[in-house]
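Work through the exercises below with the model open beside you. Try each task before you read its solution.

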Amino acid sequence: MPLRHRDNDAKRRPASLSKPHPCLKLAEPMQMPSEIALAAHDIACQRGGRTLFEGLSFDLEPGEALLISGPNGAGKTSLLRQIAGLLPLAAGRLGVTGADNDTPVSELCQYVGHLNAIKTSFSVGENLAFWAEFLDADENALPQALAAFGLTPLADLPAGLLSAGQRRKLALSRLFAAPRPVWLLDEPSVALDTVSVELLDAAIRNHLTAGGIAIVSTHVPLKTKFSQEITLGQERSI
Amino acid sequence: MSPAVALLVRDVKLAWREGGAIGVVLGFYLVVVAIMPFGLGPDLNLLARIAPGMLWVALLLAALLSADRIFHNDYEDGTLDVLATGPLPLPLLAAIKSLAHWLTTGVPLALMAPVLGLLLNLPLDAMPLLVATMFAGTPAVSFIAAIGASLTLGLRRSGLLLALLVLPLYVPVLIFGVSTVSMNIVGPGSPWPPFLMLTAISLASIVLAPLAAAAALRTAMR
Amino acid sequence: MISLANPTRFLNLVGAVVPWLAALIVILLGTGLYLAFFVSPPDYQQGETVRIMYVHVPAAWLAMGCFLVIAIAALGTLIWRHPLADVAAKAAAPIGACFTFVALVTGSLWGKPMWGTYWVWDARLTSMLVLFLLYLGLIALWQAIEEPGRAGRAAAILALVGAINIPIIKFSVNWWNTLHQPASVLRVDGPSIDPALLTPLFVMGAAFAALFVLLHLLAMRTEILRRRVRALQQTQVEHAVLAGA
């Protein structure tokens, strides 16, 4: 059910155009169904009988990013999981415009949660190749996806040998192996070193430039311009 | 490769690679069958009479032992979340993972059963039918196990709980599987009616069990 | 022994020994099979099927002997902490399982004409089956633990427990068996055996033992190389970290 809110037009900004760091090689912006807009209207979340948040709305145009902040347990992860379709909405609606009418929101989202979704007995390359196949993406993008976070030299090694930071990068490479218009990133910078955080930051900006949407929950300051910010754990936030 | 095929291939590969999962299941099957005569005595006539039942019960236990593999690992490492955002509806996802479990558990167990049948002095001419009943019945075993595996996802002592939940559901499979073979050996009557019932149970499980498993998965992922 | 503690020297030694050992096996096995098939007389009761014994009995010896090797290697792992001990134990287990399997299959084939069925819960065969299960357990434990050091120690403990248990198992199986049926039919390797059968049996035994040594050395070499590959992969990951990946 596509719907579109126009009530907070004032908050819309042009997509961030800041240039990536010159020394960082980045994958080319992916082709994606352009002009996807995502809107939430009055959504609420309940966990274990407790209302984590309610009456939450946002409206993201193509190229816009949303930052979710708030203390632990405020429902940041729950909100991301609701958008990814993993958690039911206690109230409200979530809608997209610009996609085929029958595409569910969850299939437009690439969700990178706390867990990395890596099989330790598969090689780095096999892990990514599986996600590209399963999420119905173009497998020719795999070399680029491996290169996005510098994992190309590790492609043939078992993922079980990777360090925590490398595993996180492998999880984030999924964003490139199976490109989707909406990125849902839950604390993406955990275990990453400074250089990798910059790579991630630049990757998000590139994604926005290409018309994508990013919804990020993070405690690390990023250079990405977030057009909106939601602070959970407070009364009636936006 | 389509997403469904990719998932099936991946699950089968994982079963091969992760600590020889298939080998352990087969070894378990062998151990359970091999120790029973120590309790019953080596009387070949007695063993031959109870062989179909012992082979089936041991097969159910072996299949159950590996049932939490269907969803557990994917749940623990976050894979299930990403799978759920994929193009496959959840029931189809559950069906494919059950099918992978059947290919890596039911099929090898069924193929091994005649060897164990030798140990129990099962008549040679009963072997083809034994394997046939196991091929017909083990899909039900895997697909029903998937319900238990999704219900106990992330719970403590999930393995024991899984057995408690699922073994009663295996009663019809056991009854028709065993009676097909023993009808063939000692009668009375034709082995066909129980065999067709067994096949019907499997077909119904293939259709219905993924729906239940998907519903349970949805609650587990919350 | 000290020189063998160095895996590289061990690998060189294996390379030097393998051709000689292979030649020895060809000679022993050729002689043994010739004696077994053409020289030794058929049994007055069992006829030609007695020749299965020349494969079955040495395989059974090696099945037991191999567990002894594993048990000694387990002591080496746990007490002397010899670097090659757990490699030796790990390499021996699948070979021992194969010899046990050969003993089981040949025993079953041998039994068919005598008993009219492929399997009887005879004391010897049953003990052999339990031994096979112990081997499977050992192999499975090695497969289940990824870190080689921990896997080696865990398997060593299991191997020693198994080695202590084997005589008890053998005794209890014998007791269980005589409880249910009179003395076993299989008495060929008892003291009453005819000397004309003994020579080919011992030659075959020597051939199987040499075969075991060869397979064991090759398997140990494979295992050492596998660990080196793993170590190389680990350094590759570490280098990637330094390179900023």
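The exercises go from one chain to the contacts between chains, and then to single residues.

This is a predicted model, in which local features need pLDDT of at least 70 and side-chain atom pairs count only at pLDDT 80 or more, while totals for chains, interfaces and linings use all residues. Residues are numbered from 1 along each chain as its sequence is written, chains are lettered from A and ligands numbered from 1 in the order in which they are written, and side-chain values use heavy atoms, with hydrogens and water left out.

**Exercise 1. Describe the fold of chain A.**

Step 1. Take the elements. Helices (H or I, at least four residues) and strands (E, at least two) are DSSP runs, numbered from the N terminus. Chain A has five helices and eight strands.

Step 2. Put them in order. From the N terminus, the elements read β-β-β-α-β-β-α-α-α-β-α-β-β.

Step 3. Check burial. Buried means under 20% relative accessible area, exposed over 50%, and partly exposed in between (1.4 Å probe, protein chains only). Chain A has 238 residues, and 58% of them count as buried.

Step 4. Look at contacts (heavy atoms within 4.5 Å). Take those in chain A between residues at least 6 apart in sequence: 74% of them join residues at least 24 apart.

**Exercise 2. Characterise the interface of chain B and chain A.**

Step 1. Start with the contacts. On chain B, 27 residues are in contact with 27 residues of chain A.

Step 2. Turn to buried area, the accessible area (1.4 Å probe) that two parts lose on being put together, summed over both. Chain B and chain A bury about 2,400 Å², with 60% of it on carbon and sulfur atoms. In chain B, the residues that lose the most area to chain A are B:Val82, B:Thr85 and B:Arg222, together 26% of what that side buries.

Step 3. Find the salt bridges (a side-chain nitrogen of Lys or Arg within 4 Å of a carboxyl oxygen of Asp or Glu). There are five between chain B and chain A. One salt bridge joins the side chains of B:Asp77 and A:Lys119 at 2.8 Å, N to O.

Step 4. Locate the elements. Helix 1 (3–17), helix 4 (72–76) and helix 5 (79–84) of chain B each give two or more residues to the side that touches chain A. Helix 1 of chain B gives the largest share, seven residues.

Step 5. Sort by class. Ala, Val, Leu, Ile, Met, Phe, Trp, Tyr, Cys and Pro count as nonpolar, Asp, Glu, Lys and Arg as charged, and the others, Gly among them, as polar. The side of chain B that touches chain A has 13 nonpolar, five polar and nine charged residues.

**Exercise 3. Do the same for chain C and chain B.**

Step 1. Contacts: 17 residues of chain C are in contact with 17 residues of chain B.

Step 2. Area: about 1,400 Å² is buried between chain C and chain B, and carbon and sulfur atoms give 81% of it. C:Trp121, C:Leu133 and C:Trp176 supply 41% of the area that chain C buries against chain B, more than any other three residues.

Step 3. Charges: zero salt bridges are counted between chain C and chain B.

Step 4. Elements: helix 4 (123–144) and helix 5 (148–180) of chain C each supply at least two residues of the side that touches chain B. Helix 4 of chain C gives the largest share, eight residues.

Step 5. Classes: this side of chain C has twelve nonpolar, five polar and no charged residues.

**Exercise 4. Test the length of helix 9 of chain B, then place it.**

Step 1. Apply the rule: the expected span is 1.5 Å times one less than the number of residues. Helix 9 (residues 171–186) of chain B has 16 residues, so it should span 22 Å.

Step 2. Compare. The end C-alpha atoms of helix 9 of chain B are 22 Å apart, which agrees.

Step 3. Find the neighbours. The buried residues of helix 9, including B:Val173 and B:Gly177, pack against helix 3 (44–65), helix 7 (127–151) and helix 10 (192–221) of chain B.

**Exercise 5. Is A:Arg81 buried or exposed, and what does it touch?**

Step 1. A:Arg81 is found in helix 1 (residues 76–83) of chain A. Its relative accessible area is 11%, so A:Arg81 is buried.

Step 2. Leaving out residues up to four places away in sequence, A:Arg81 touches A:Leu86, A:Leu87, A:Tyr111, B:Asp81 and B:Met221.
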